[in-house]
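Trainee: I would like to learn how to read charged side chains. Can we work through a case together?

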Amino acid sequence: MISQWRRAAGDALKKSLHTSRYLHTIEAIPREFTGKKLAVKERAQGRIPAVVLALNDVVGNALSRKHLITTEKDQIQSVIDSVQLPFFCSTTFSLQIRAGSGSSTVLESGNVLPIKVHRDEETGKVLNLVFVWLDEGSKLKVDVPIVFKGEDTCIGIEKGGSLNKIRSSLKYLCPSEHIPSKIEVDVSTLDIGDAVSMLDAKVHPSLKLLSKNEAMPVCKIVAPLLDHYPTAPEEE
């Protein structure tokens with residue numbers, strides 16, 4: 001099985017150069033088998049079982065193959081702490097699959113996107129990971145988190161209004177080379193009653209918004225609630 005991972009040195013070098021712009025590189029090694037008992041053993045040794053999927057069409061619909069790998073727990077936790085968990089599954093990484101622990105031999109490398117994080121409900125520890133290869137020319141459906149900026153200087157909020165955050169993310173069909181880790185929505189100029197729609201979100205023009213109603217708001221400045229209502233004067 002290990003021999004299936006090996007590729008020509010020139011191909012590996014080409015992929016390594018292509019991924020050099022990515023801030024974080026995740027290192028992993030192949031694993032031969034699956035199963036609950038083996039996964040528990042991996043975690044006891046400070047490792048996290050993972051899967052890397054490869055898709056064989058440009059819109060990420062058909063699975064062509066999958067690679068079984070394992071990664072260091074401390075490495076993954078460090079990466080999650082750096083990019084922050086809400087943005088982990090919309091952040092692209094460079095992945096290097098090495099021949100073994102401590103080996104300098106790279107069996108396969110390329111860009112990946114995490115698409116699933118299985119965590120322990122009580123402790124929050126990462127139990128399993130699923131990645132997908134970002135092959136050139138491919139497109140994937142990605143839920144991109146929204147980050148609201150400018151609340152401290154928002155015109156409507158200064159007048160006593162409040163920011164109603166209607167959507168926390170938007171789903172896009174993204175080319176593999178243009179996956180945003182987040183969408184920033186500036187609310188500083190919004191007055192009471194103003195809203196920002198899905199279409200107002202600023203993203204790369206190659207992204208396609210996947211929504212049946214693109215005019216729906218992602219946020220709105222709502223008027224302040226009255227603390228009390230005026231009472232009618234008593235009749236004499």
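Trainee: Which backbone oxygen lies 3.0 Å from a polar atom of the side chain of R31?

Mentor: The backbone oxygen of A50 does. The R31 side chain also reaches the backbone oxygen of F33, at 3.2 Å. A note on the source: this is a predicted model, where local features need pLDDT of at least 70, side-chain atom pairs count only at pLDDT 80 or more, and totals for chains, interfaces and linings use all residues. Residues are numbered from 1 along each chain as its sequence is written, and side-chain values use heavy atoms, with hydrogens and water left out.

Trainee: What is the nearest side chain of opposite charge to R31?

Mentor: Start with the idea. Side chains of opposite charge can pair when their charged atoms come close. A salt bridge needs a side-chain nitrogen of Lys or Arg within 4 Å of a carboxyl oxygen of Asp or Glu. For R31, the nearest candidate is E42, 6.0 Å away. R31 has no salt bridge, yet is buried (under 20% relative accessible area; exposed is over 50%, partly exposed in between, with a 1.4 Å probe and protein chains only).

Trainee: Which residue does E42 form a salt bridge with?

Mentor: R47, with the closest N and O atoms 3.9 Å apart. R47 also meets E72, at 2.5 Å from N to O. E72 is in strand β3 and R47 in strand β2, 25 residues apart (strands are DSSP E runs of at least two residues, numbered from the N terminus). E42, R47 and E72 thus form a network of salt bridges.

Trainee: Is R47 buried or exposed?

Mentor: R47 counts as buried, because its relative accessibility is 11%. E72 has 34%, so E72 counts as partly exposed.

Methods. Lys and Arg count as positive and Asp and Glu as negative; His and the chain ends are not counted. A polar contact is a pair of N or O atoms within 3.5 Å; within protein, one must be able to donate a hydrogen and the other to accept it, and residues adjacent in sequence count only if both atoms are side-chain atoms. Helices (H or I, at least four residues) and strands (E, at least two) are DSSP runs, numbered from the N terminus.
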